[in-house]
Amino acid sequence: MQSNTTHDAKMNRKAKTDSTEREEALIANPIYDHVFKYLMEDNKVARKFISAIIGEDVTELSFAPQEYVREVDAAEKSFSIYRLDFLARIRTDDGSKVVMIEVQKVSLRTDIMRFRYYLGGQYRNRDNSYTDPEGAVHAMPIYCIFFIGEGLSVKGVPVMAVNPQTEDVATRQVLKDLRNEFVESLHHRSWIVQIPELKGRRRNDLEILLSIFDQANRMSDHHILNIREERFPEKYRPIIRRLQQAASDRNVREAMQMEDDILEHFRIEERMTRFQLAEKDAIITEKDAIITEKDAVITEKDKIIAREQAEKEALLTELATLKTRTKTDK
């Protein structure tokens, strides 16, 4: 009887373990550039992912010629911006529209001027246009999606949408649902994802989806996140499965390790640079103290010389006075 009880307990534990294993999903960490690239190379997944962020239905998506741009700035000891550029067709109430979508992702803080530089390039690029059936050329509206690894110090807001609105200056009335080529071509919409602020935030479907970036789910191997697939809406399951594939792809895992090695190299270089600068500052401070001390000594010597000179002149004046008196007495 006891043997059967023990067997049943083991089976129950195994069933619980199997249930947990079914619930948990091990995915590659998309904070790594190569994983993010792997994710977005699947067109269906990329359309679903971008549609979720911008809140519009992307029906067609293709990489622009300058996709996968990534720069490593050895001089500044930091990664540059990792970019993916897309041409997208978006469903609208009266048909569709074509837009340029630029995705920029950085793990470390970077110079805002770089974001402006890349964005300015999109505005200057004459290829970011399309020709309508009548032969007229139109500039594409630009959408920007930013993934910021270190956040912007805007607490409690994982995703920010920036949508310039047009208003009547006299009445302050917002011109809702305005579709104007001039306005849309010269003013872009943006979505900013602060990855650190995703921790524990699951207030809507988008935050649930973006929890694939929540670094609180990292395992001891930071390349892998442990998530619960059943917590994701069914429509986002293909994204989870794509990241599961990435986790088992040897090339992706090796690329993640390479990113770690490069980042660690830059962090070491940055620490050494800070140490060297601090050492230089200490030497300069010490030299300044020595110079100040020497200046004080020189100042004191000047005071002594001036005092001695004054005493000498006083003695000479007194001597001259005595000589004058002596002549007068004679």
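This briefing covers one helix, one strand with its partners, and the largest pocket. The model is predicted. Helix α3 spans residues 43–54, strand β10 spans residues 189–194, and the largest pocket holds about 750 Å³ of space.

**Helix α3**

- With 12 residues, α3 reaches 16 Å from its first C-alpha to its last, which is close to the 16 Å expected at 1.5 Å a residue.
- At the N-terminal end of α3, Asp-42 acts as a cap, with a side-chain oxygen 3.1 Å from the backbone nitrogen of Lys-44.
- Buried residues of α3 include Val-45, Ala-46 and Phe-49, and the run from Ile-50 through Ser-51, Ala-52 and Ile-53 to Ile-54 is buried as well.
- Gly-55, just after α3, adopts a positive phi of about 70 degrees.

**Strand β10 and its partners**

- Strand β10 is largely enclosed by the rest of the structure, because 5 of its 6 residues are buried.
- Strand β8 (residues 142–148) runs parallel to β10 and is joined to it by 6 bridges; Phe-147 stands opposite Val-193 in β10.
- Strand β9 (residues 159–162) runs antiparallel to β10, with 4 bridges between them; here Val-162 stands opposite Ser-190 of β10.

**The largest pocket**

- The largest pocket encloses about 750 Å³ of space.
- It is lined by 25 residues, and those closest to its centre are Asn-163, Asp-177, Leu-178, Arg-179 and Glu-184.
- Strands β4 (78–92), β5 (95–106) and β8, together with helix α5 (181–186), each contribute at least two lining residues.
- The lining comprises 9 nonpolar, 7 polar and 9 charged residues.

Key. Residues numbered from 1 in each chain as written. Predicted model: local features only at pLDDT ≥ 70, side-chain atom pairs only at ≥ 80, totals over all residues. Heavy atoms only, no water. Expected span 1.5 Å × (residues − 1). Buried < 20%, exposed > 50% of the residue type's maximum accessible area, 1.4 Å probe, protein only. Polar contact = N/O pair within 3.5 Å; in protein donor to acceptor, adjacent residues only side chain to side chain. Pairing = 2+ DSSP bridges. 1 Å grid on protein atoms, 1.4 Å probe; cavity = no way out; pocket = protein on both sides within 12 Å on 5 of 7 lines; lining within 4 Å. Points joined across faces, edges and corners; volume = space filled by probe spheres on them. Nonpolar A, V, L, I, M, F, W, Y, C, P; charged D, E, K, R; others polar.
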